[in-house]
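Please walk through the model below, beginning with one loop and moving outward to the chain as a whole.

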Amino acid sequence: MAQENILETRIDNRLIHGQVGVTWANHLGANLVVVANDKVSIDEVQQSLMDMVLPDVIQARFFSLQKTIDVIHKASPKQKIFLVVKDVHDALTLKEGGVDFDHLNIGNMHYEEGKKQISSTVSVDEKDIAAFKRLAELGVELDLRKVPSDRGQNILDLF
């Protein structure tokens with residue numbers, strides 16, 4: 001699959017919800033949302049709930065990280081893919097596994113104990129920061145942005 005088929009890769013710990021399923025997918029012109037997450041790939045209830053958010057013209061696939069690495073390059077040229085992952089570590093696993101993306105939108109990483117809030121929607125710990133820095137070393141542009149109309153910011157500038 002040519003890189004151009006992956007329109008955008010986004011970190012959002014909520015995966016598919018209204019902002020991803022409607023705002024981002026429509027903005028990008030996606031016709032396929034691929035959720036790469038090991039837990040959701042085997043949770044049919046979560047899949048059904050997420051699938052309901054998407055307009056009928058946009059399909060969803062729920063793959064484990066390894067299956068995403070194995071099959072995404074086989075996508076049809078007609079598939080305009082919006083790739084969604086839960087966290088920076090999943091994004092790094094995909095990139096190091098050969099998934100070809102050079103831009104990463106960081107949308108939502110919830111606060112939890114041990115993490116520092118660096119924006120209204122993103123909290124990180126040292127492991128997250130190291131993973132972002134590794135992605136940057138691999139040539140990935142790191143764009144913190146909630147919605148398409150927001151002005152993007154390089155997340156590295158916030159560390």
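Leu15 sits in the loop that connects strand E1 (6-12) to helix H1 (18-28). The model is a predicted one. In this loop, Leu15 has a positive phi of about 60° although it is not a glycine. Most residues other than glycine have a negative phi. The relative accessible area of Leu15 is 1%, so Leu15 is buried, the limit being under 20%.

The charged residues come next. Side chains of opposite charge can pair when their charged atoms come close. Over the whole structure, a search gives six salt bridges. One of them links the side chains of Arg14 and Asp12, with an N to O distance of 3.0 Å. Asp12 is buried, at a relative accessible area of 0%, whereas Arg14 counts as partly exposed at 34%.

Another salt bridge is formed by Arg134 and Glu96, whose closest N and O atoms are 3.2 Å apart. Arg134 belongs to helix H5 (residues 126-137) and Glu96 to helix H4 (residues 88-96), so this pair ties together parts that are 38 residues apart in sequence. Both ends are partly exposed: Arg134 has a relative accessible area of 31%, and Glu96 has 48%.

Arg134 also meets Glu137 in a salt bridge, at 3.3 Å from N to O. Here both residues lie in helix H5, three residues apart, which is about one turn of the helix. Glu137 counts as exposed, with 59% relative accessibility. Elsewhere, salt bridges that share partners join Arg10, Asp12 and Arg14 into one network.

The strands can be followed through their pairing. Strand E5 (residues 103-108) pairs with strand E8 (residues 141-144) in the parallel sense, over four bridges. Within this pairing, Leu104 stands opposite Leu142 in E8. On to strand E9 (residues 153-154): E8 is joined to E9 by two bridges, and these two strands run antiparallel. The bridge partner of Asp143 in E9 is Asn154. Strand E8 thus has a parallel pairing with E5 and an antiparallel pairing with E9.

What makes up the nonpolar surface patch of about 330 Å²? The patch is made by Val45, Leu49 and Met52. Val45 is found in helix H2, and Met52 lies in H2 as well, a helix that covers residues 44-53. Met52 has a relative accessible area of 65% and Val45 has 58%, so both are exposed, the limit being over 50%. From Val45 to Gln117 the separation is 72 residues in sequence and 31 Å in space, C-alpha to C-alpha.

Finally, the chain as a whole. The protein chain has five helices and nine strands, and their order along the sequence is β-α-β-α-β-α-β-α-β-β-β-α-β-β. Its C-alpha trace spans about 40 × 30 × 30 Å along the principal axes. For 159 residues, a compact globule would have a radius of gyration near 15 Å, and the 15 Å of the protein chain agrees with that. Buried residues account for 47% of the 159 residues. Among contacts with a separation of 6 or more, 71% come from residues 24 or more positions apart. The accessible surface of the protein chain is about 8100 Å², with 48% of it belonging to carbon and sulfur atoms.

Notes. Residues numbered from 1 in each chain as written. Predicted model: local features only at pLDDT ≥ 70, side-chain atom pairs only at ≥ 80, totals over all residues. Heavy atoms only, no water. Pairing = 2+ DSSP bridges. Patch = residues over 30% accessible without salt bridge, like charges linked within 9 Å, V, L, I, M, F, W, Y side chains within 5 Å. Areas by Shrake-Rupley, 256 points an atom, 1.4 Å probe, with all protein chains shown as cover. Salt bridge = Lys/Arg side-chain N within 4 Å of Asp/Glu carboxyl O. Buried < 20%, exposed > 50% of the residue type's maximum accessible area, 1.4 Å probe, protein only. Rg over C-alpha atoms; globule rule 2.2 N^0.38 Å. Contact = heavy atoms within 4.5 Å.
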